[in-house]
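Me: I should like to learn how to read the features of a structure that is new to me. Would you please begin with the contacts of the ligand?

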Amino acid sequence: MIDRDTIAAIATPAGAGGVGIVRLSGPGARAIGEGIAGRALMARRAAYARFRDAHGATIDDGIALYFAAPASYTGEDVVELQAHGSPAVLHQLVDRCCALGARRARPGEFSERAFLEGKLDLAQAEAVADLIAASDVRAARAARRALEGEFSRRVEAIADAMLRARIHVEAAIDFADEPIETLGGPQLQADLSATAAALEALLRDAEHGRRLRDGLHAVIVGPPNAGKSSLLNALAGRDRAIVTDVAGTTRDLLHEAVRIDGVELTLVDTAGLREGGDAIEREGMRRAHAELERADLAIVVLDARDPAAGRDAVVSAAHGAPAQLWLLNKSDLLPEDGAQPSGDVPGDALAVSALTGEGLDALHDRLRALAAGDAGASEGAFTARARHVDALRRAAEGLVQARGELARESLDLAAEALRQSHDALGEITGRVRADDLLGHIFSSFCIGK
Ligand code: GDP
């Protein structure tokens, strides 16, 4: 075990509250806690105590709780001092902890210790932060699932299958005299195909989990004056974007976090996409294109009276986003006779009016459905981060490459591709596995010895 110091921090949010908690973790936690409480602390027993400063003056009275290692959040000895939630009281308690030998904890250091003590893997430690930051029930549930290891277990299962494949391939290289069939060549291909399928499914779920955590990243795009800024305002419920009828007003991107029925949406209003314009406007367009490339959804806004106007430039720009939602705005200006607008738009385009609010409920429903993904995928969903999605993508690419090399019987290249794929998975949970391999080979695969 690594010899660590003892850390202390206020665990409850900044500001005044009914109860505030100072948390200690490390080998000195119990002694420091007992020094402040002035009495012995028994594991898992709430001890009512008077917390005193160096001169014996009362800081506050409250409850001290001691969790003995390893049965604590961090896996170390932990003491929680629960006092009245006054910043003055809590700061005095932390000062007292430090005077008695503790050090102020860095952000996330309690969870970092839980990771180092093997209480949580990296993905689970990240899920703790996601749970704390979760802004709606669904995101909180998804973070809980990741915290309980649902995501990690699936990563581990795939990593284990990959480890077995690596053992086969490395052994086939090391024992080149053996025919590859005895090393399970055909079986290996079959196993890798199953692993690839599992990896693809996990990647899809992680992408869904990433949206649950980060919200759907939607970019509003459309020709000048289609009503993009007005729609952003209508969705945001306040005047955030500047609305004018001078074409090219929105030169920069406006980032607006909008919450609709508990779903976080980031809307980015883009400069109108059109040819020409001055340097600033062109820069706005460049940013709009860059934004579209990393968007989950392009919200295409056209003027309902003339959907064909500017449509082609918008279509080519919106092409970069994986999903599109078409809106025909200014529906209030359409003739009463219900004549269909001319112009080539998808059948599921929504008629809306940023001015009167017409169609905005339907738009909310669409956005919510898109953000949530399909209902089936929400069942058992877990939160994931961009870094996880990236690692899973690299793992999937490595696996595709490995299977190709195996088919060509280039064992060295297959081994290398599998190693990279396996390492990418290891990054997610933070389990160091590189050195495991030799041990596994010689313990589980002792050919002819
Ligand atoms: P943007 O350039 O696409 O961001 O368009 P704006 O939001 O600035 O709107 C351009 C003009 O259209 C403004 O004068 C708005 O008031 C007007 N406008 C926007 N949406 C509607 C709508 O639904 N109905 C009507 N009648 N006017 C609208």
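Reply: A polar contact is a pair of N or O atoms within 3.5 Å; within protein, one atom must be able to donate a hydrogen and the other to accept it, and residues adjacent in sequence count only if both atoms are side-chain atoms. Here, a polar backbone atom of L355 lies 3.3 Å from an oxygen atom of the ligand. The model is a predicted one, in which local features need pLDDT of at least 70 and side-chain atom pairs count only at pLDDT 80 or more, while totals for chains, interfaces and linings use all residues. Residues are numbered from 1 along each chain as its sequence is written, and side-chain values use heavy atoms, with hydrogens and water left out.

Me: Which atom of K228 lies 2.8 Å from an oxygen atom of the ligand?

Reply: It is a polar side-chain atom of K228. For A354, a backbone N or O atom lies 2.9 Å from an oxygen atom of the ligand. Taken alone, the ligand exposes 570 Å², of which the protein buries 84% (Shrake-Rupley method, 1.4 Å probe).

Me: Which residues around the ligand come nearest?

Reply: A residue is near a molecule if one of its heavy atoms lies within 4 Å of it. Of the 17 residues around the ligand, the nearest are N225, K228, S229, S230 and D332. S229 is found in helix α8, residues 228-236 (helices are DSSP runs of H or I with at least four residues, strands are runs of E with at least two, numbered from the N terminus). The UniProt record, an unreviewed entry, lists S229 and T250 under "binding site"; such annotations may be inferred rather than shown by experiment.

Me: Is S229 buried or exposed?

Reply: Buried means under 20% relative accessible area, exposed over 50%, and partly exposed in between (1.4 Å probe, protein chains only). S229 counts as buried, because its relative accessibility is 9%.

Me: How should salt bridges be read, and how many does the structure hold?

Reply: Side chains of opposite charge can pair when their charged atoms come close. A salt bridge is a side-chain nitrogen of Lys or Arg within 4 Å of a carboxyl oxygen of Asp or Glu. The structure holds 24 salt bridges. One of them joins the side chains of E76 and R4 at 3.2 Å, N to O. E76 lies in the loop between β4 (58-67) and β5 (78-85) and R4 in the segment before β1 (7-10), so this pair ties together parts that are 72 residues apart in sequence. Both E76 and R4 are buried.
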